[in-house]
Each structure stands twice: as structure tokens, then as C-alpha cells.
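Trainee: Can we go through some of the labels together? I'd like to see how each one is earned.

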Amino acid sequence: MSVLIIVESENNALKRNAAEVASYGVALAAKLETSCTAIAFHAANATELGHYGVTKVAHVSNGPTHFDAHAYASAIAAFAAANNVSHLVVSSSADARFLAPLLAAKLNAGYVPNVVELPEEMSPLTVKRTAFTNKAFVYTQLLTACNIIGVGNNAFGVIDNTVDCVVDEITAENAISNLEQVSIEKVTGKATIADADVVVSGGRGLKGPENWHLIEDLAEVLDAATACSKPVSDMGWRSHDEHVGQTGKPVSTNLYIAIGISGAIQHLAGVNSSKVKVVINSDPEAPFFKAADYGVIGDAFEVVPKLTEKLKAFKALG
Amino acid sequence: MNILVCISRVPDTTSKIDFIEDDTEFSIRDVQFVINPNDEFGLTRAIWFKEKQGAQVHVVHVGTTKSDATLRKCLAIGADKAFRIDAPALDGLAVAKELAAFVKNNSYDLIIAGRESIDYNGAMVPGMMAALLDIPFVTNCVGLEIDGTTAIAEREIDGGREKLKGTLPIIIGSQKGLVEESDLRIPNMRGIMQARQKPFEVVPAQEAPASTKDIKFERPAPKAEVKLVPADDLDQLIDLLHKEANVL
Ligand SMILES: Cc1cc2nc3c(=O)[nH]c(=O)nc-3n(C[C@H](O)[C@H](O)[C@H](O)COP(=O)(O)OP(=O)(O)OC[C@H]3O[C@@H](n4cnc5c(N)ncnc54)[C@H](O)[C@@H]3O)c2cc1C
Ligand SMILES: Nc1ncnc2c1ncn2[C@@H]1O[C@H](COP(=O)(O)O)[C@@H](O)[C@H]1O
């Protein structure tokens, strides 16, 4: 029995969510009274996992340098089988949710994503996860010898616990893909929805794409990602990958600011697990006020530029 | 080209989520079940291939007779044949095993599933199927072209897109963007009439065991009242976000 923590990397460095997954894995191993190892691909700074209590990292330095679900799943499955791994811990990022099902089938492991706490029962292992797109929680038992827990994004948090961390370089012979990457386009220098601490989101209340500077200016001050409601992307005001909600991207950030968004059930479901929600809407009856922590009743065209200016001043003070 | 679309059946997005039997069971009272929205995008793309490049479109579902109306709707939208694998959908891995066995006994060039079911948000069945069948898989798929035996699938990633190339057969996890919402098909009278004549087969199950079991549901804690800040006192909002919420 042992725990294997799967951390993500990009451009030869750990991704931010590695800290939370590592924190969870270390806490799980302590509860199980067993050892834990992390596995990372192409991350020059893998020793930094020592900040979160990880003492051992298996670092795979061959195979595709970009995230490749098939190649990575093959490599991890082989490592898990060779090292008597009983529990695998992954994040619930889009990449992790691409990888984990492949791994689960290879290892014949039960897999539960969106887990929000450490297991409440160890035998059978019982975890609490979100279901119905954040409209409920469910307690799920894992019935297999080997199992996979997907930690919900921003659900468990980061535990600082600095230890010495040793990195073992390993070669994964089977890190081979059945897909070829033709191209990748990714915005640079801008926060993305999955990775940002703050998301600023605009709805139909903004009247048209020409007004999106309101959203972008506010986002810039907050170092936030921009997002939008579904009709906004349907009408082509913003690109599809900004659409958040039940049928769009999930948002699980520290601060979500909704501007000119009514708060339809399908929108709320996808953003509800954010820690703090702020709504700016001219209609006091907008359903979003029932889901938000803080609200401003007012015209976005007046409130948002003012808020942006005030935040600029606030940030300038440090 | 033979296309298989995997269909899951979920509560309509506006359904009230409620539990019974001491919160051990999801209450289906007043709940309307629909085709999982992500699968609807996939089915529409499959019908596009049928019309533009020529294809047979089959739909498959692992479930009980309760789902028959959902499968009939897929036929009315334009699928050619429906299969129901006769087993309750216990969990993702069990469903994937049933589907993988079904695919092995038949021959498909393209298998389309949804990125995730919007009820339990598993996002696991198609990837598990792909690993069981050892064929390529692309999820969060927002673009798909097939040329001969080559598939080019585009995947939405955080902050962008990735284009991947593979050889058929391939499995994709579809979502909005694969087709536009305005292109979704709504069954018309003719489609509904035709659906009655289309083949609908019930397939015996492998009875794959479950790897997980849901034992109890919980409602989220009731939310505290929103704190309203006057529009002319935004300093107060910044102060609250900074000192009380600790997010600035
Ligand atoms: C199957 C299905 C899935 C769906 N999935 C999603 C999803 O994933 N994500 C999603 O977002 N939606 C989704 N929807 C759509 C959802 O039901 C709503 O239609 C949508 O969220 C509404 O978007 P909105 O709030 O931008 O627009 P509206 O509902 O039109 O709201 C606009 C808001 O702006 C306010 N407003 C107007 N002018 C101003 C102003 N000057 N200043 C401030 N406020 C102003 C109005 O008071 C209003 O509250 C889905 C629907 C279905 C049927
Ligand atoms: N019972 C089922 N029968 C057929 N296909 C399913 C079933 N459950 C899930 N799927 C497919 O797998 C996708 C992802 O579902 P899930 O892994 O449950 O989130 C769905 O969008 C369907 O395409």
C-alpha cells in the first residue's frame, strides 16, 4: 500500500495546482499511515514539492514534453503497478480529468473526481464529492484494491509543511502516445480561467462586445481571468472558451465577480464552488443576489469603471 | 463510416435536486430527464457526418427501460439504430466496460461520447472505454474532421486549443463548440414517425461490477444573505473584500 500523487507541469515547471494535490496526498498518506511519492513529468523545479510535505518525487524526463494523456497514463500505470500503489491522487483540472479515466481503466481502479475533503471513512474508503454540478454533495465508497481520488479545484487548500525532498530521475519506456500533436494555441501573459485566483465575468447586461473593456480593465487590475455567460459566447461577443457554467467551463476560484449576469440556475451551478462571489446588477430581483456574498445594485456602466479606478488606487498602496 | 454515439440520460438542467430515503436516493419526482447536453452536441455532429460524408449513426445507452424514450428521441433526431444495454448504470467503470464489450462485438470507426454527464459530472466513461479498447481518445472536443482513416480533433484547453491527429477508430468527448447550439436538432413530426420504424435492440449486459458506490447525499449549507453595498460607496466593497473576505 502507498499513495502516488500525480502533479501537473507545463513549460518544464510545476503548475500551481501541484501544491494543493501534494497537500492532499501527503495528508491522505498520513491518515493511511503509509508512504507517499509524487510523480511529475518534465518539471525542473520538482523539489519544490518539499514545501508541501512530499519527500520523494519520481521525475520522468523522457516522453512527450507537453501534456499527453495517453503517454502519461501509460507511464503512471506502469509505475503504480511496479510500486504497489493503492491510492492515486490527481487534481480535477481539465488535463487531470483527461488523464485519470485512462489510468482508472488501466489499473481497474475506482475513480472519484471533485472530492472536497479527506476521506471520512478509511474502510471502505469513503469520500465526499460534489455532484449535480455543485447543487449537492455525495458520499462515495471506493470498492477496488487500487483507487483514484480527484481533488476538487481549490477545495482542500494548500498546507505548508517543508521537508527534504529527493527527486529520482526515472525513464518510462512506455510513455508513448497514440495521438500526434498538430498544433497548440494558448494565450500567454494573461490569466486563464482554470488557473486564476480571480475571475471577472460579464453577461448580456453589458449590451455588446464593444463594452468588454469594462470587464478587461477590471480584470487587469485584479490580475484576473475574464469569463462570460453562455448567451454572450453564443452571440459571438466573446470566444467559446470563456463560457462558464454547467455546460461551459467550471469555475472554482477565490473570487468570482459577475457583472450583468442574471444568475440562471445553469450559470450558478458552474460557478457556485467559488469561495467568494460578487454580483453587480441593475436589477435588485436578479437571482444572482441570492447566490452571492456581496452585491452592488447599480448600472454596470457606472459602477465598474469606478470600481476599477478605486481598485487601482488600492493596489497602488500595496 | 460507422459512428456510435453514447447517450446518457440526465435530469433537465433546471430540475430541483432533491433526495429521499434518508438522503440515500435521488428523488425523481417532478424531474424531467433529457439527453445529456454534451451528448446532444455529439449526436448532432454525427448526423452532420452522415449527411455530408455518408455514415451510419448508432446510439447506445447502458440503462433500464426507463431510458427508452430518450433513445427514441435520438432516433427521431436522426440516428439510424438504437441499442440499449440492459443493465442499471452502476458507475463509470462498469458502464465503460459494458460499452467497450459492445464496441468489440461491433465495428465502429468513430465513437462519440459527451465530455461529462451533467448529473454526476464523472467525465470518465469515454476515457475508460478508450483505455479498455486501447484506442485514441480526445476529450473537451470542439472540432472534429475525418479524412479517410485520419481524424483531426481539436481540444479546448485552459486558455486555448490543441489540435491532435490520430488514426481511426477514435473516441471523442464532445461538448458545446463541436457544433453550435443553433444547429442542434429538434425532433419534428416526421422524425418522430420515422423513429417508430427504426431498429431498437436490447442487448444483454456483461454485468460488470461497480467500482464505486454512492451511499449518501447532502445538500449544500444554506447561504448567508448577500451583503449589499451602495453603488456610491465602492470603498466599502473593497474594504469588505480585503478585510472580511480576504480575497484582495
Ligand atoms: C441546457 C442549458 C444549459 C445552459 N448552460 C449555461 C451555462 O453553462 N452557462 C450560462 O451562463 N448559461 C447557461 N444557460 C443559459 C441560462 O439559462 C441563461 O439564459 C443565461 O445564463 C443568461 O445569461 P445572462 O445572465 O448573461 O443574460 P440575462 O439573463 O439576459 O441577464 C442579463 C442581466 O444583466 C442585467 N443588466 C442589464 N443591464 C444592466 C446594466 N446596465 N448594468 C448591470 N446589469 C445589467 C439584467 O438585470 C440581467 O439580470 C443554459 C441554458 C440551458 C437551457
Ligand atoms: N449509461 C450510459 N450509457 C451510455 N453512455 C454513457 C452512459 N453514461 C455515460 N455515458 C457516456 O459517457 C459520457 C460521460 O459520462 P460520465 O462519465 O458519466 O460523465 C456521457 O456524455 C455519455 O456519452
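Trainee: What makes B:R155 and A:D95 a salt bridge?
Mentor: This is a predicted model, and in it the side chains of B:R155 and A:D95 come to 3.1 Å, N to O. The cut-off for an Arg nitrogen and an Asp carboxyl oxygen is 4 Å, so the pair counts as a salt bridge. The pair crosses between chains, from strand β10 of chain B to helix α3 of chain A. Both B:R155 and A:D95 are buried.

Trainee: What about A:R97 and B:E116, how far apart are the closest N and O atoms?
Mentor: They are 3.6 Å apart, and the limit is 4 Å, so that pair is a salt bridge too. This one also runs between chains, from A:R97 in helix α3 of chain A to B:E116 in the loop between β8 and α4 of chain B. Both partners, A:R97 and B:E116, are buried.

Trainee: B:R45 and B:E145 form a salt bridge as well. Which parts does that pair tie together?
Mentor: The closest N and O atoms there are 3.5 Å apart. B:R45 lies in helix α1 of chain B and B:E145 in strand β9 of chain B, so the pair ties together parts that are 100 residues apart in sequence.

Trainee: Why is B:R45 called buried?
Mentor: Its relative accessibility is 9%, and buried means under 20%, so B:R45 qualifies.

Trainee: And why is B:E145 called partly exposed?
Mentor: B:E145 has a relative accessible area of 45%. Exposed needs over 50% and buried needs under 20%, so B:E145 falls in between.

Trainee: Strand β9 of chain B also holds B:G143. Is B:G143 buried or exposed?
Mentor: Buried: the relative accessible area is 15%, which is under the 20% limit. B:G143 touches B:I152, B:A153, B:E154 and B:L178, leaving aside residues up to four places away in sequence.

Trainee: Now the other label: how do you know that B:M189 is exposed?
Mentor: B:M189 has a relative accessible area of 58%, and the label needs over 50%, so exposed is right. B:M189 lies in helix α5 of chain B and makes a nonpolar surface patch of about 290 Å² with B:I192 and B:M193.

Trainee: What share of chain B gets the buried label?
Mentor: Buried residues make up 55% of the 248 residues in chain B. As for salt bridges, the structure holds 31 over all chains.

Methods
Residues numbered from 1 in each chain as written. Chains lettered and ligands numbered in written order. Predicted model: local features only at pLDDT ≥ 70, side-chain atom pairs only at ≥ 80, totals over all residues. Heavy atoms only, no water. Patch = residues over 30% accessible without salt bridge, like charges linked within 9 Å, V, L, I, M, F, W, Y side chains within 5 Å. Areas by Shrake-Rupley, 256 points an atom, 1.4 Å probe, with all protein chains shown as cover. Helix = DSSP H or I, 4+ residues; strand = E, 2+ residues; numbered from the N terminus. Buried < 20%, exposed > 50% of the residue type's maximum accessible area, 1.4 Å probe, protein only. Contact = heavy atoms within 4.5 Å.
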